[in-house]
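Got the viewer open? Let's go through this one stop by stop, picking something to select each time and looking at what is there.

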Amino acid sequence: MFELNPLNLPDASLQHLVMGVVTLVLGFIIGYASRQNIVRELESQLAIVKRNVEDCYRTPAVVVSSGNDEASVLNRISSRIHEIDFSRIGYASLTEADDLKEIVGVGPFLEKKLHAISIYTFRQIANFTGEDIDQVNDIIEFFPGRIQRDNWVGQAAQLAKKSNL
């Protein structure tokens with residue numbers, strides 16, 4: 001009686017093709033939107049992790065004392081070496097070390113503290129600026145203003161000239 005087969009319509013193939021394209025486009029849009037949400041979530045998690053890492057760098061490391069107070073102090077001081085601007089004061093190694101105890105106000109333990117932060121020569125101390133003095137003073141846990149009062153920079157400059165002769 002009735003022959004209503006939709007596949008017999010003249011534009012059935014075209015309709016199927018259009019429905020397929022619409023399905024693909026909708027699937028792409030929905031997939032893209034859901035991926036964007038996932039990307040935003042991952043970026044927020046990454047930002048949190050970065051903040052946590054920065055907080056870890058800012059928090060001083062807790063050093064467990066091994067019973068030797070001098071070793072723990074030197075370990076604590078050497079952990080802050082990255083705060084010093086060696087491009088300004090200069091680099092040196094232990095093989096080039098001067099006897100820093102020749103500077104009035106520098107004793108054996110203070111010399112060890114300076115060595116712990118890679119300050120070995122009179123030339124390095126002579127190159128200190130006011131900012132470097134404050135920074136080193138803080139790092140080696142020395143009495144505030146003592147480096148200026150003892151005139152380490154002037155003494156170191158004279159001793160460096162004398163050692164170069």
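Start by selecting L14, which sits in helix α1, residues 12-58. Keep in mind as you look around that this is a predicted model. Is L14 buried or exposed? L14 counts as exposed, because its relative accessibility is 53% and the cut-off for exposed is over 50%.

Now add some company. Select L14, L17, V18, V21, V22, V25, L26, F28, I29, I30 and Y32 together, and you have a nonpolar surface patch of about 1,100 Å². Here is something to hold against that picture: in soluble globular proteins, nonpolar side chains tend to be buried together. While you have the patch coloured, here is a handy point about helices: an α-helix has 3.6 residues a turn, so residues three or four places apart point the same way.

Stay in α1 and click on G20. G20 is partly exposed, since its relative accessibility is 30%. Now try your distance tool: how far apart in space are G20 and I103? From C-alpha to C-alpha the gap is 86 Å, and in sequence the two are 83 residues apart.

**Into the core**

Next, select L114, I119, I125, V136, I140 and W152. They belong to the largest nonpolar core, which has 27 residues, and they are the ones with the most contacts inside it. To see who builds this core, colour α2 (69-78), α3 (86-89), α4 (108-116), α5 (122-126), α6 (130-139) and α8 (152-164), since each of these helices supplies at least two of its residues. Which helix gives the largest share? That is α8, with four residues.

Zoom in on I140. Leaving out residues up to four places away in sequence, I140 touches I77, L110, K113, L114, I117 and W152.

Two of the helices deserve a stop of their own. In α2, select the buried residues S72, V73, L74 and I77. They pack against α4 and α6. Then go to α4, where the buried residues are L110, E111, K113, L114 and A116. What do they pack against? Their neighbours are α2, α5, α6 and α8.

**A buried lysine**

Stay in α4 and pick out K113. K113 is buried but has no salt bridge. The nearest side chain of opposite charge belongs to E141, 4.9 Å away. A salt bridge here needs the nitrogen and oxygen within 4 Å, so this pair does not make the cut. Show the contacts of K113 and, apart from residues up to four places away in sequence, you will find V73, L74, I77, I140 and E141.

**Charged pairs**

Time to look for charges that do pair up. In general, side chains of opposite charge can pair when their charged atoms come close. The structure holds ten salt bridges, so let's visit a few.

- Select E83 and R80: they form a salt bridge, with the closest N and O atoms 3.0 Å apart. E83 is partly exposed at 31% relative accessibility, and R80 is partly exposed at 22%.
- Select R88 and D85: this salt bridge has its closest N and O atoms 3.8 Å apart. R88 has a relative accessible area of 33%, which makes it partly exposed, and D85 is partly exposed at 28%.
- Keep R88 and add D132: their side chains meet in a salt bridge of 2.8 Å, N to O. This pair links distant parts of the chain, with D132 in helix α6 and R88 in helix α3, 44 residues apart. Is D132 buried or exposed? D132 is buried, because its relative accessible area is 5% and buried means under 20%.

Now select D85, R88, E131 and D132 together: salt bridges with shared partners join them into one network.

**Two loop residues to finish**

Switch to the backbone and find S118, in the loop between α4 and α5. S118 has a positive phi of about 65°, although it is not a glycine.

For the last stop, go to N151, in the loop between α7 (146-149) and α8. What is phi of N151 near? The value is near 55°, again positive in a residue other than glycine. N151 is partly exposed, with a relative accessible area of 41%.

How values were computed. Residues numbered from 1 in each chain as written. Predicted model: local features only at pLDDT ≥ 70, side-chain atom pairs only at ≥ 80, totals over all residues. Heavy atoms only, no water. Core = buried A, V, L, I, M, F, W, Y, C linked by side-chain atoms within 4.5 Å. Buried < 20%, exposed > 50% of the residue type's maximum accessible area, 1.4 Å probe, protein only. Contact = heavy atoms within 4.5 Å. Patch = residues over 30% accessible without salt bridge, like charges linked within 9 Å, V, L, I, M, F, W, Y side chains within 5 Å. Areas by Shrake-Rupley, 256 points an atom, 1.4 Å probe, with all protein chains shown as cover. Lys, Arg positive; Asp, Glu negative; His and termini not counted.
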